[in-house]
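Biologist: I am new to this structure and would like to know what stands behind the words used for it. Please show it, and then I will ask about the terms one by one.

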Amino acid sequence: MKNRLFVKGNEAVAMGAIEAGCRYYFGYPITPQNDIPEYMSREMPKLGGTFVQAESEVAAINMVLGAGAAGGRAMTSSSGPGISLKAEGMSFMAGSEIPAVIVNIQRPGPGLGGIDVSQADYFQAVKGAGHGGYHLIVLAPHSVQELYDLTMLAFDLADRYRIPAMVLGDAMLGQMKEALVPHAHQLPKDLPPKDWAITGKRGRVRGNVVKSLYLADGELEAHNWHLHAKYAQLKERETRFEAVGLDDAELILTAFGGAARIVKTAIAMARKEGLKVGLIRPITVFPFPTDIYRTATVKTPKVLCVELNNGQMVEDVRLSVDPKADVRFYGRPGGTGSLPDPEEIFAQIRKHYKD
Amino acid sequence: MNDNVFMAGYGGQGILLIGNLLACAAILENKNATYFPAYGPEKRGGAASCTVIVSGVEIGSPVMGRPDSMLLFNQLAMDKYFERIASGGLCIYNSCLIEDVPQLRTDIRKIAIPANALAVELGNARLVNMVMLGAYATQTGIVAMDTLKAGLDAILPERNKGFIPGNIMALDCGAEYVRKAGVIKD
Amino acid sequence: MSHKAQTVFQRPSSLKEVPTHFCAGCHHGTVHRLVAEAIDLLDVQQQTIGIGSVGCSVLLYDYFDIDVVEAPHGRAPAVGTGVKRVHPDSVVFTYQGDGDLAAIGTAEIIHAANRGELLTVIFLNNTTYGMTGGQMAPTTLPGQVTTTSPYGRDVLKEGHPLRMAELLGMLGGTAFSARVAVDTPKRVMEAGRTILKAFEMQVKKQGFAFVEVLGACPTNWGMSAIEANARVGKELMDFFPLGVYKDITTQG
C-alpha cells in the first residue's frame, strides 16, 4: 500500500504547489481558503521560499505578477470577493503572458455572499475575470488528490504556454479531508526555457521587457491573434475530462468540481436501481471539453447538468452538444443550508430519466 | 464494513475532532474515508456538525441527505436531525443532554449513552466526544479500537498530545458501555 | 603642447540612444537621466530591473537599456516586491508619477515601504495627471486649476495635497526618504546625488529608499517651459519642502 496521508483539501493545494517547485506565495486571508496561506507561512521559510501576507488581494496578485515575470513559480489563493480584486492583475498577466497559478476556493456570492459551498464563480473563471478578452487555463479538481495533482499540473501548463492558470476549487473540496497519496513532481523535460523573464540583462544584448501595452500600428491586434492562437492550441492539446458509463447511458449527467462528487453518488444510487446514467466531468473547464459532449450526445441526446449555482457551465454544455440534444439543468446557488445531497440529485435523475 | 455517519452537537463538544479521528483511523486501515465539516463564521459556541463516510470503494459525495448513522450530542441536534436517519439506521445519542427522543421511528436502532456522566466519572467533562466515538466504533465495528487510539497521535497537535491517555480511557469507557448495555430496542 | 579631446559629458550607457516622447520642458527626461547615471555609477546595469508604471513614464522600457516589467496602475511597489524576492541580488526600482503612487497606489507604496522591501522608488511629483490630460492629482496644490478641478482645488471638498516624502519618512520600514527638485542646475546635481544614494542603499541592502522629485508639466499647467520651471521653484517648493525626511545611515 502506498503512503496515504489524511489531508484537508486546502492543504493539498499548498502541498501540490510546493512539490511542483512553487517558492513564492503571496496572499491575503479570506474564508474558506485560509489553510493555504497558513500552510505556506509555515512551510515556505523552511524551504528558503517566500511567503508574503500582502496588504490586499490587489497587491498579492501584483506580487505574483512580479515574481512570475522574474521567472519564479509563484502562486496566490483566494475566494470569490478576493478573486474579483485580482482580476486586474490577471488581465495584465494574461496580456503580458506571465505564468503563475491562482487558486479560487469558491464561496457563494454575489458580493460578500456567504462562506459555504458554491460554484458561483464558473463564469468569472472561464471568461478570465478581468477586462480585455482573455482566458486563463482553468482546472477543476473534484477530490483532495486532484487538488494536489492539478495544482502541480497548473504550474507546468502555465510555464509551457506562458499563461496564468487557475485551480477552481470550492468550499467543500477545500474544507473536506480524505486520503492523499503524495508523489514526487516530475518536471516535464520539454518545458520551454524562460529566456523572456526579467532577471537583469546579465550580459544579454537586449533588455527583456514583459508588458501588455502595444501602441504601434497593428501591434495590439497581432498580439491578440497570438493569444487567440494559444487558446486554440490549448483546446487541441490540453483538454481533460472524465467520462463514465456513456456506453449504455440513456441520460448523461454532467458536473464539475465538488458538484461532481455529489452527482457520482447519485449516479451510483440510480445504477443500483437499473437506471442507465452516465457522467461527463470536465477537468479542464477552460479549455472546455467540447468534443466529448458532441460525440456522446449523438447517441444519448438527453443531458442533465448539475451545478452549485443557478446555471453557468450549462451554457458551455449547450454550445458543445449535438444540435438535436436536450440539455436540462438542476442547480442550487449555495449559502447555508443550500448544499444538495445525493438523494436530491437522485430524485432529479428519476424525474429527467422518465420525461 | 462501510458506513456514513453524521455527528452533531454544540461547538466545543469536540465533534469535529472525533469526525477527524474516525476518518483518519479508516484511512490508517486502508479504507477510503471522507470527513466534511459544517462550519460557521463563529469560532466558538453555536452548532457543530460533520459527516464521515467510510467505504471500500471510491467515495462520491462527502455529504448524505439520509445518513445511515448519527451521533447526536444535544437536544437541538436530536430535534433537528433525527428524522433524517435512513431506515434501518443507527442513532447513538447523549442521554445526559437529550431527554426527548422521537418514538415514532421504530426502524432505527437507538443507543442512549450517558456520555456527560461517564466523562465526569473519568474526571474530565470534555471527554464526552471520545465516549460517544468509542461506543459508535464498538457498536458498528467500523474501525478497530486500536486504530482509533493510534489515530489520536496522528490527529492531535503536539500541544495536546498529553491528553492522549485520557482520550484512550474515554474511548474504552464508551466501548465498555455499549458492550454491557447493548442495543436499546424501542 | 597637444590637447587630446576628452569626453566630459555623454549619454549614460543605461539609456538607449532614442529621442523621448516627453513634452518640451517636462522633467521626466532629466529624471530618467539621473536614474541612468546612478545605475552607471554603481555599475549595476546588468542586474537592474525597472518596474514601469502607468502614466507619462509608462514607456520606461523604450528609454532604459535594462530589463523592465510593466505594472498595472499604482501596483509597481507590489510588482517590485515579487521581482526582488525572486532575484534578491538584482537592483529593482520603480518609477512612478503622483496619480500612480499617491492615489491609486497609496496602499502598495505604504506597505512596500513599511515591509522594508529592498527597492528604490523614484516618484515624480508634478501635481497633475499628465498622460490622461491634466486632471487633479492627490498632489495638486490648493487652488490649482486642473481639468477636474476647474474652479481650483478646494481643500474643503477635495482634500489636501499628500506630502509623500514626509508620510513615508514616518514609517518604520523606510530607510531613506527625501524630496528633491530638478528646476535649476544646482538642484539637478543635488537630485542626482540623492538618487544615487537611494540606489546605493539598495546595493548595500540598507532598506527601502524613496526619492520624491518635484518636476514640471508645462503642457497641462498651461505654461511655457520657463514659466513651469519657475513654478516648481516657487509654488511647489513652498508646499513641498525639499529635504531628507529619513535616513537611517545618518540618523540613529
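Modeller: Two residues are in contact if their C-beta atoms, placed from the backbone, lie within 7 Å. The model is a predicted one. By that cut-off, the contact between chain A and chain C takes 37 residues from chain A and 29 residues from chain C.

Biologist: Which elements of chain A give two or more residues to the side that touches chain C?

Modeller: They are β2 (24-27), β3 (50-53), α3 (57-69), α4 (80-96) and β9 (209-210) of chain A. The largest share comes from α3(A), with nine residues. By class, this side of chain A has 18 nonpolar, 14 polar and five charged residues.

Biologist: What makes β9(A) and strand β2 of chain C a pair?

Modeller: Two strands pair if DSSP finds at least two bridges between them. Two bridges join β9(A) to β2(C), residues 67-70, so the condition is met. The two strands run parallel, and Val209(A) stands opposite Val68(C).

Biologist: How many residues does each chain give to the contact of chain B with chain A?

Modeller: Chain B gives 20 residues and chain A gives 20 residues. On the side of chain B, α1 (15-28) and β2 (32-38) each supply at least two residues. The largest share, six residues, comes from β2(B). The side of chain B that touches chain A divides into twelve nonpolar, seven polar and one charged.

Biologist: How do you know that strand β8 of chain A pairs with β2(B)?

Modeller: The pairing rule asks for at least two bridges. Strand β8(A), residues 177-180, and β2(B) have two bridges, so they count as paired, in the antiparallel sense. In this pairing Glu178(A) stands opposite Thr34(B).

Biologist: Why are β10 and β15 of chain A said to stand at the edges of their sheet?

Modeller: The sheet is open, has five strands in the order β10-β12-β11-β14-β15 (chain A), and shows mixed pairing. β10 (241-244) and β15 (326-331) each have a single partner strand, so one side of each is left without a neighbour in the sheet. Neighbouring strands are turned by 20° against each other on average, direction ignored. β10(A) pairs with β12(A), residues 277-282, in the antiparallel sense over four bridges. There Ala243(A) stands opposite Ile280(A).

Biologist: Which helices lie on this sheet?

Modeller: Helix α10 of chain A, residues 290-299, packs on the sheet and touches β10, β11 (251-254), β12 and β14 (302-307) of chain A. The direction of α10(A) makes about 165° with that of β12(A). Helix α11 of chain A, residues 313-320, lies across β11, β14 and β15 of chain A, running at about 160° to β14(A).

Biologist: Why is α3(A) called roughly parallel to α4(A)?

Modeller: The axes of α3(A) and α4(A) come within 7 Å and cross at roughly 25°. Angles under 35 degrees count as roughly parallel, and therefore α3(A) is roughly parallel to α4(A). The crossing is right-handed. Among the residues that meet are Ile61(A) and Leu65(A) in α3(A) and Leu85(A) and Phe92(A) in α4(A). The contact divides into eight nonpolar, five polar and three charged residues.

Biologist: What makes α3(C) oblique to α5(C)?

Modeller: Helix α3 (residues 76-86) and helix α5 (residues 106-114) of chain C have axes that come within 7 Å and cross at roughly 40°. The cut-off for roughly parallel is under 35 degrees, and roughly perpendicular begins at 65. The crossing angle fits neither class, so α3(C) is oblique to α5(C). Pro77(C), Ala78(C), Gly80(C) and Thr81(C) of α3(C) make the contact with Glu108(C), Ile109(C) and Ala112(C) of α5(C). These residues divide into four nonpolar, two polar and one charged.

Biologist: Where are the domains of chain A, and how many residues does each give to the contact?

Modeller: The domain assignment gives domain 1 (5-180) and domain 2 (242-354) of chain A. Their C-alpha centres lie 26 Å apart. The contact takes 24 residues from domain 1 and 22 residues from domain 2. On the side of domain 1, the largest share, four residues, comes from α5(A). By class, that side has 16 nonpolar, six polar and two charged residues.

Notes: Residues numbered from 1 in each chain as written. Chains lettered and ligands numbered in written order. Predicted model: local features only at pLDDT ≥ 70, side-chain atom pairs only at ≥ 80, totals over all residues. Nonpolar A, V, L, I, M, F, W, Y, C, P; charged D, E, K, R; others polar. Axes fitted to C-alpha atoms, helices over the stretch in contact; angles between N-to-C directions. Domains from an automatic or database assignment. Parallel < 35°, antiparallel > 145°, perpendicular 65-115°, else oblique. Left-handed = near helix turned anticlockwise from the far one by under 90°.
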